[in-house]
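Here is a short report on one protein chain. Keep the sequence and the 3D view open while you read.

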Amino acid sequence: MCIRDSCETMRLCLESEGYEVKTANTVEAGLQRLQAQEFDVIILDVLIPGADGPRFIGRLRQQRVAAEILVATSASSHEIAEEAVRQGAFDLLRKPILNLRDKLLRSVDNAVERHTLKADLAAANARRRLLERRLNELCQFSRAILRAEGVEELLGTCLLYTSPSPRDR
């Protein structure tokens, strides 16, 4: 998604490379789009009215927006650019961006790749936590079997651990 006062040329450039691009000419419109849809990358002009400079990036991060943020900035705003990176921007795009088409495409490619890797890592961590829980359950089952003192207790333990739990029903 592009949140700038002039996104059309950038949109055409990115779409010519196969990207799907949504645009918002105001911060309010961008926030509405973010509430309705998730994006991999946001290209943001932090000097657009209503953005409140780089603090807007911090607000997006506090709202758990997972998209990578590319900041469009003029060459004279070094302090703003540095603050944008501190607030969580992935990369900076110096204006005029369209004179740097290759930089734009490289930055968007890298941001998409990073976003994908972070999503894959989150999914792998969720899977790891699930497997750890199942392994712990199996270890508890094994310990319970080893502690059983007779066939009846062993069968009771087996029934206890093999019966579906209420949450599985």
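Which residues are buried in helix α3 (residues 55-62)? They are F56, I57, G58 and L60. Bear in mind that this is a predicted model.

**Helix α3 and its surroundings**

The buried residues of α3 have several partners. They pack against two helices, α2 (27-36) and α4 (78-87), and against two strands, β3 (41-45) and β4 (68-73).

Take α2 next. The axes of α2 and α3 come within 13 Å and cross at roughly 15°. An angle under 35 degrees counts as roughly parallel, so α2 is roughly parallel to α3. The crossing of these two helices is right-handed. From α2, the contact uses V27, L31 and L34; from α3, it uses F56, R59 and L60. Five of the residues in this contact of α2 with α3 are nonpolar, none is polar and one is charged. Two of the α3 residues in the contact, F56 and L60, also appear among the buried residues of α3.

What comes just after α3? There R64 takes a positive phi of about 65°. R64 is a residue other than glycine. Most residues other than glycine have a negative phi. R64 sits in the loop between α3 and β4. Its relative accessibility is 74%, so R64 counts as exposed.

**The sheet**

In what order do the five strands of the open sheet lie? The order is β2-β1-β3-β4-β5, and the pairing is parallel. The edge strands are β2 (23-24) and β5 (91-94), each pairing on one side only.

Strand β1 (residues 2-3) pairs with β2 in the parallel sense, over two bridges. In that pair, C2 stands opposite T23 of β2. Five bridges join β3 to β4, and these strands also run parallel. Here V41 has E68 of β4 as its bridge partner.

β4 is mostly covered, with six of its six residues buried. In a regular strand the side chains alternate between the two faces of the sheet. Both faces of β4 are covered. E68, L70 and A72 are buried on one side, and I69, V71 and T73 are buried on the other.

Helices lie across these strands as well. α4 lies across β4 and β5, running at about 155° to β5. α5 lies across β3, β4 and β5, running at about 155° to β4.

**Helices α1 and α5**

How far apart are the axes of helix α1 (residues 8-15) and helix α5 (residues 101-147)? The axes are 11 Å apart, and the two helices pack at an angle of about 65°. Angles of 65 to 115 degrees count as roughly perpendicular, which means α1 is roughly perpendicular to α5. The crossing of α1 and α5 is right-handed. M10, C13 and L14 of α1 make the contact with R101, L104, L105 and V108 of α5. The residues of this contact of α1 with α5 divide into six nonpolar, no polar and one charged.

Two residues of these helices have further contacts. R11 belongs to helix α1. Not counting residues up to four places away in sequence, R11 touches V21 and T23. T23 is also the residue of β2 that stands opposite C2.

K103 is in helix α5. Leaving aside its neighbours within four places in sequence, K103 is in contact with D91, L92 and L93. The C-alpha atoms of K103 and L93 are separated by 7.6 Å, and the two residues are 10 residues apart along the chain.

**Three basic side chains compared**

Is each of these residues buried, partly exposed or exposed? The table lists them.

| Residue | Place | Relative accessibility | Class |
|---|---|---|---|
| R11 | helix α1 | 19% | buried |
| K103 | helix α5 | 26% | partly exposed |
| R64 | loop between α3 and β4 | 74% | exposed |

The cut-off for buried is under 20% relative accessible area, so R11 at 19% counts as buried. K103 at 26% counts as partly exposed.

Methods: Residues are numbered from 1 along each chain as its sequence is written. This is a predicted model: local features need pLDDT of at least 70, side-chain atom pairs count only at pLDDT 80 or more; totals for chains, interfaces and linings use all residues. Side-chain values use heavy atoms; hydrogens and water are left out. Buried means under 20% relative accessible area, exposed over 50%, partly exposed in between (1.4 Å probe, protein chains only). Helices (H or I, at least four residues) and strands (E, at least two) are DSSP runs, numbered from the N terminus. Contact means heavy atoms within 4.5 Å. Axes are lines fitted to C-alpha atoms, for helices over the stretch in contact, and angles run from 0 to 180 degrees between N-to-C directions. Angles under 35 degrees count as roughly parallel, over 145 as roughly antiparallel, 65 to 115 as roughly perpendicular and the rest as oblique. A crossing is left-handed if the near helix is turned anticlockwise from the far one by less than a right angle, and right-handed if clockwise. Ala, Val, Leu, Ile, Met, Phe, Trp, Tyr, Cys and Pro count as nonpolar, Asp, Glu, Lys and Arg as charged, and the others, Gly among them, as polar. Two strands pair if DSSP finds at least two bridges between them.
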